Amino acid sequence: MESTRRLSFSSSSLLLGAGAAAAALGLVGLGYKYLWKKPEEAVRVGVVSKLLIHPLKSGKAVSVALAECQPKGLKLGDLQDRHWLVVTEDGHMVTARQQPRLVLVSLTCEGGRVCLNGPDMEELRFPVKQADNRVTGCRVFGEDIQGRDCGDETSRWLTRYLGEENTFRLVHFEPQMKGRKAEESKPFPPPTEEVAYADMGPVMLLSESSVKDLSSKLEHEVTVEQFRPSIVVSDCEAFDEDSWEEIQIGSVRLQRAMSCGRCSIITINPETGVYTRKEPLETLKGYRVCKPSERHIYKSSPLFGQLHNVKTTGILQVGDVVYKINR
């Protein structure tokens, strides 16, 4: 009986030992599965030639030498990309599609104050932080999002500038406010990150060569500013950026989300505010259409530039080398 017990105990110990070993091997395997990464190959594909922040949606770009690359886009001090928005009195967004002269409005920040400028208008300054002002509900592409109202004086300035009978107001997206999921905004598909007032992804990248290629097909040349990118890349071939699924710029890692489908806003001259509704959109439609399998995403919109999500935040500088990540 005793020997049977001993044998039974010994067998149990062996089973327990084997089980522990199997479990240990399983954990090691699990570790390898989740911790081991395929080796990466970083291939130089270009150089950052411009960084552009568009603080006011549809407003003038601010060219900067360096910027933080944050989950919701580029940032320098109080300036954050697409964090100010013109709205109607009932909170619906107003863009250059409805008011093309918005492209001539400059919004900058200096010493904790916003500076608003436009043709034939006196500069208006007001505090970036206005905690006593009301938070209003806004509608951006049919989705709800908040904004801090920038005051009656700012509203009068915008209404006077736009020369309309309707009243316009300015709102500011603040850090504590909840962004919107751009994929919920039809007709755009996932995957995208949370954004403030941007149409789609937080970062749009375009190459100088792609713009030159388009200009070569037009009667009048266009500039990169007409397409409102965040990052402009030089030292690459036209449309190389279409194939950059994942890129590294300094400490910043970007993941391509989708191509940028273009609308009539690119037919507004960023220097004059003239809205033709024709070029360069018509020319792009002639050679930059999507694949038939992607028509449910882009419809008839031509593709120009690439939208990226921010995988790793950091600092971007003009002159940084752009690396394509291959696995």
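Me: Which residue of β21 stands opposite Ala67?

Reply: In this predicted model, Ala67 stands opposite Leu316 in β21. Strand β3 (residues 66-70) and strand β21 (residues 314-317) pair in the antiparallel sense over 4 bridges.

Me: What makes β3 and β21 count as paired strands?

Reply: Two strands pair if at least two bridges are found between them. Between β3 and β21 there are 4 bridges, so the condition of at least two is met. Strand β3 is also joined to strand β4 (residues 73-76) by 3 bridges, and these two strands run antiparallel. Within β4, Leu74 is the bridge partner of Cys69, and a hairpin of 2 residues leads from β3 to β4.

Me: Which residues of β3 lie on its covered face, and which on its uncovered face?

Reply: Ala67 and Cys69 form the covered face, whereas Leu66, Glu68 and Gln70 form the uncovered one. In a regular strand the side chains alternate between the two faces of the sheet.

Me: Why is Cys138 called buried, and why is Cys263 called partly exposed?

Reply: Buried means under 20% relative accessible area, and exposed means over 50%. Cys138 has a relative accessible area of 1%, so Cys138 is buried. Cys263 has 27%, which lies between the two limits, and therefore Cys263 is partly exposed.

Me: How do you know that Cys263 has no bond to the closest cysteine sulfur?

Reply: A disulfide requires two cysteine sulfur atoms within 2.5 Å. The closest cysteine sulfur to that of Cys263 is in Cys260, at 8.3 Å, and is therefore too far for a bond. The count for the model comes to 0 disulfides.

Me: Why is Lys285 called partly exposed?

Reply: The relative accessibility of Lys285 is 35%. This value is neither under 20% nor over 50%, so Lys285 counts as partly exposed. Lys285 lies in helix α4. Leaving aside its neighbours within four places in sequence, Lys285 is in contact with Ser300 and Pro302. The C-alpha atoms of Lys285 and Ser301 are separated by 7.1 Å, although the two residues are 16 apart along the chain.

Me: How do you know on which side of α3 the buried residues lie?

Reply: In helix α3 (residues 208-215), the residues Ser210, Val211, Leu214 and Ser215 are buried. They cover an arc of only 140° around the axis, so they lie on the same side of α3. The buried residues of α3 pack against β16 (203-207), α4 (281-287) and β20 (303-312).

Me: What makes β7 and β11 the edge strands of their sheet?

Reply: The open sheet has 5 strands in the order β7-β6-β13-β12-β11, with antiparallel pairing. Strands β7 (93-94) and β11 (135-140) each pair on one side only, and are the edge strands. Helix α2 (residues 152-162) packs on this sheet and touches β6 and β13, with its direction at about 130° to that of β13. Strand β6 (residues 84-88) pairs with strand β13 (residues 168-172) in the antiparallel sense over 5 bridges, and Trp84 stands opposite His172 in β13.

Me: Which residues have the most contacts inside the largest nonpolar core?

Reply: The largest nonpolar core has 72 residues, and Leu170, Phe227, Ile231 and Leu254 have the most contacts inside it. A second, separate core of 11 residues includes Val87, Val140, Ile145 and Met177.

Definitions and conventions. Residues are numbered from 1 along each chain as its sequence is written. This is a predicted model: local features need pLDDT of at least 70, side-chain atom pairs count only at pLDDT 80 or more; totals for chains, interfaces and linings use all residues. Side-chain values use heavy atoms; hydrogens and water are left out. Buried means under 20% relative accessible area, exposed over 50%, partly exposed in between (1.4 Å probe, protein chains only). The arc is that of the directions from the helix axis to the C-beta atoms. Contact means heavy atoms within 4.5 Å. Axes are lines fitted to C-alpha atoms, for helices over the stretch in contact, and angles run from 0 to 180 degrees between N-to-C directions. A nonpolar core is a set of buried Ala, Val, Leu, Ile, Met, Phe, Trp, Tyr and Cys residues joined through side-chain atoms within 4.5 Å.
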